Amino acid sequence: MKKTGVVFWVSFFLVLSAVLLGTVFPKGFEKITANIQSFLTSTFGWYYLLVVVVIVAFCIFLILSPIGAIRLGQPDDVPEYSNRSWFAMLFSAGMGIGLVFWGAAEPLSHFAINAPGGDTGTQTALTQSLRYTFFHWGISAWAIYAVVALALAYFKFRKKAPGLISATLYPVLGKQSHGWLAHVVDIIAVFATVIGVATTLGLGAQQINGGLAYLAGVPVNFTVQMIIIIIVTILFMISASTGLNKGIQLLSNVNLYIAAILLVLTLFLGPTVKIMNEFTNGFGAYLQNFIQMSFRTTPGDAAGREWINSWTIFYWAWWMSWSPFVGFFIARISKGRTIREFLMGVIVLPTIVSTLWFAVFGGTAIDVQETANSALKNLPTEQVLFGAFNELPWSTLLSVVAIILIAVFFVTSADSATFVLGIQTTNGVMNPSFQIKIVWGILQAGIASTLLFAGGLQGLQNAAIIVAFPFSIVILLMIVSLYISLTKEQEKLGLYVRPKKSQRKYL
């Protein structure tokens, strides 16, 4: 059997097994996976923190090093997409539904439900709520995505290797990067992608349902969520049929415009001055405390450690489990850019936009909780955003725009995921066939629907976190592999000082 067949069928079997367990034994599946997740975060929390520190440090090193001038491709390659389209696509794939789902809910939770380092409802809790939300969705998250995407793009476009995770490990593993160990690495990547995206699609369906409940009194149940998934599946199949250069690119640009409209409307209809003051203060606190937060384990403080396990370590594992999906997609659209340009574009700009997003929606939710005698904190997570909008002018318009944004993000995520899964299961082909994408798309929709019906989304989410543990080792090997290959190329091109004109043509 060819390598493609091994990866496809073993991945398919693992995913199907997880879904069957989540469907037939939802409570047992959730309990088992929750126990494993709890063990990993409690026992290896320090490890997750240190892995992310290494990732961030490596990205900073490459940005500042002369190595950053090396191009992801051949010397005469140029970027395939404009900066706007490139950013729109990587941002939609990297965060997407998560920004809308957690935009108001996470800062509110840190402020009013469980503060990271003090009493809830205080000014300290407010500052910390934004600081830690920025931390969870900022530099560290995007650096995880960036390092995986960079390895894939460098070895694919610069070294002409197959577009597979295993192919990036050749400098470390040698011939084993083409053997059974390669199968294991690629299967872990496929499994993480399927599980992570299916969970997100389920959450997206729940939030659209929650918004419709607020707007039109639509009941919140599986039937409605199933109808939403069917409609979105039809839409993303239409998008998938048009290819990357039309469907995903067009939808990503639409996402960017709708998100900008929603952001601006909320900023000016909400407590504008307060939002900008808290954004400035919170962003400064984030930068000032970045190193301390990156190493924070709170030994001897059981409550503090429980909070870190539930949020920071959970997020680090979550981003790692998502990194194969996002990394593949970002790599595919980044040919022709230099390493420095790539890292600055993937890490810096998305961090700024993400932090502003959470400041606007989180700040609005916190203000509603404080000033409107609201029980906003008691709402289900998927309804917090709409509950906050309910206290603002033009609340119906805001909710409608938010639902449209979630739906478009939903379609984009599903389309992007099927594109990436097609690459992973066709031996790294950068333009998988429409038939392959449809197979994975229908499977993803089926998984999300089944889990919503069985109430097993949490169990599958736990499974994605568990997958992150072995994949974190893969990420570290990718860093070592990149370093070995890039330093050899640095020596070959003489990239220790400003290169001579005769050398620049090779960059």
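**Close-up views of a predicted model**

**View 1. Helices α3 and α16 cross in a left-handed manner.** Please keep in mind that this is a predicted model. The two partners are helix α3 (residues 45-64) and helix α16 (residues 339-371), whose axes come within 8 Å and cross at roughly 135°. That angle is why α3 counts as oblique to α16. On the α3 side, look for Cys 59, Leu 62 and Ile 63; they meet Ile 339, Arg 340, Leu 343, Met 344 and Ile 347 of α16. By type, the residues of this contact split into 7 nonpolar, no polar and 1 charged.

**View 2. Ile 165, Phe 342 and Leu 343 touch the most other members of the largest nonpolar core.** This core has 170 residues in total. Helix α15 (residues 302-332) supplies the largest share, with 18 residues. As a general backdrop, nonpolar side chains in soluble globular proteins tend to be buried together.

**View 3. A closer look at the contacts of Ile 165.** Beyond its neighbours within four places in sequence, Ile 165 contacts Val 148, Leu 152, Val 185, Asp 186 and Ala 189. The list continues with Phe 328, Phe 471, Val 474 and Met 478.

**View 4. Ile 113 sits in helix α6 (residues 105-113).** Ile 113 counts as partly exposed because its relative accessibility is 47%. Residues up to four places away in sequence aside, Ile 113 touches Leu 108, Thr 120 and Lys 377. You can also find Pro 380 in relation to Ile 113: the two are 267 residues apart along the chain, and 13 Å separates their C-alpha atoms.

Technical notes
Residues are numbered from 1 along each chain as its sequence is written. This is a predicted model: local features need pLDDT of at least 70, side-chain atom pairs count only at pLDDT 80 or more; totals for chains, interfaces and linings use all residues. Side-chain values use heavy atoms; hydrogens and water are left out. A nonpolar core is a set of buried Ala, Val, Leu, Ile, Met, Phe, Trp, Tyr and Cys residues joined through side-chain atoms within 4.5 Å. Buried means under 20% relative accessible area, exposed over 50%, partly exposed in between (1.4 Å probe, protein chains only). Helices (H or I, at least four residues) and strands (E, at least two) are DSSP runs, numbered from the N terminus. Contact means heavy atoms within 4.5 Å. Axes are lines fitted to C-alpha atoms, for helices over the stretch in contact, and angles run from 0 to 180 degrees between N-to-C directions. Angles under 35 degrees count as roughly parallel, over 145 as roughly antiparallel, 65 to 115 as roughly perpendicular and the rest as oblique. A crossing is left-handed if the near helix is turned anticlockwise from the far one by less than a right angle, and right-handed if clockwise. Ala, Val, Leu, Ile, Met, Phe, Trp, Tyr, Cys and Pro count as nonpolar, Asp, Glu, Lys and Arg as charged, and the others, Gly among them, as polar.
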